[in-house]
Amino acid sequence: MIAHKLSFYVETKLTNKQHGFRRHRSCMTAVAVLSDKITRAIYRKNNLCGAVFVDLRRAFDYVNSFMLLDTLHSDSNVDSNLLRLLNSYFTNRHYSIKLGDYTDPACNFNSACPQGSVLAPLLFSVFINDLSAKLPFDHIVFTDDLIFFTDTTNISL
């Protein structure tokens, strides 16, 4: 329910380069865009193309909840009640691991985007949206996976 409400606020603010966990976008739309770019590039005379695939390892673990809340407030005009709810969701979380009879002491969990959470991909997309929108070269984003793409007729070292 929270993810649905949040997507109402942020969907139109996210860059068109973002394909992850969005309405009418998917892994398949990202692949289709990349395939189209490659196909167009290789059919141009004397053209070269290349792509770099990047997986931001453990990216969700490094999202600063205060920066994320500020972004949600300033860029997406998220309702103050929803911001308070998200702030509560981000703070005072603890976890412990239980294995048989052994239970690990509780640890604080400070990430705004816990892996496996239904909210995490959408929140992460909001968090990196400004970065994606300002990149000076062609790219495709699927949540925390990026593809940088280029094509040219002139390559020099």
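Helices and strands are DSSP runs, numbered from the N terminus.

**Figure 1. Overall fold of the predicted model.** The protein has five helices and seven strands. From the N terminus on, the order of elements is α-α-β-α-α-β-β-β-β-α-β-β. The radius of gyration is 19 Å, well over the 15 Å that the globule rule gives for 157 residues, so the protein is more spread out than a compact globule. Along the principal axes, the C-alpha atoms fill a box of roughly 65 × 40 × 30 Å. Of the 157 residues, 33% count as buried. Take the contacts between residues at least 6 apart in sequence: 65% of them join residues at least 24 apart.

**Figure 2. The largest nonpolar core.** This core holds 26 residues. Six of them touch the most other members: Leu6, Leu68, Leu72, Leu86, Cys113 and Leu123. Four helices each supply at least two core residues: helix 1 (2-10), helix 3 (65-76), helix 4 (80-90) and helix 5 (120-134). Helix 5 provides the largest share, six residues.

**Figure 3. Close-up of Leu123 and its contacts.** Neighbours within four places in sequence are left aside here. Leu123 is then in contact with three leucines, Leu6, Leu68 and Leu72. Its other partners are Phe90, Ala112 and Cys113. Among these residues, Leu6, Leu68, Leu72 and Cys113 join Leu123 on the list of core members that touch the most others.

**Figure 4. A second, separate core.** This core has six residues. Ala30 and Ala41 are among them. So are Ile147 and Phe149.

**Figure 5. The largest pocket.** Its volume is about 250 Å³. The lining includes Ala3, His4, Ser7, Phe8 and Glu11. Phe21, Arg22 and Arg23 also line the pocket, as do Val118, Pro121 and Leu122. Helix 1 and helix 5 are the elements that give two or more residues to the lining. Helix 1 gives the most, with four residues.

**Figure 6. The pocket lining by residue class.** Six lining residues are nonpolar. Two are polar, and three are charged. Glu11, Arg22 and Arg23 are the charged residues of the lining. The polar pair is His4 and Ser7. Helix 1 and helix 5, which both contribute to this lining, also supply residues to the largest nonpolar core.

Notes
Residues are numbered from 1 along each chain as its sequence is written. This is a predicted model: local features need pLDDT of at least 70, side-chain atom pairs count only at pLDDT 80 or more; totals for chains, interfaces and linings use all residues. Side-chain values use heavy atoms; hydrogens and water are left out. A nonpolar core is a set of buried Ala, Val, Leu, Ile, Met, Phe, Trp, Tyr and Cys residues joined through side-chain atoms within 4.5 Å. Buried means under 20% relative accessible area, exposed over 50%, partly exposed in between (1.4 Å probe, protein chains only). Contact means heavy atoms within 4.5 Å. On a 1 Å grid over the protein atoms alone, a cavity is a set of points where a 1.4 Å probe fits but cannot get out, and a pocket is an open set with protein on both sides within 12 Å along at least five of seven lines; lining residues have an atom within 4 Å of a point. Grid points are joined across faces, edges and corners, and a volume is the space filled by probe spheres set on the points. The radius of gyration is taken over C-alpha atoms; the globule rule is 2.2 Å times the number of residues to the power 0.38.
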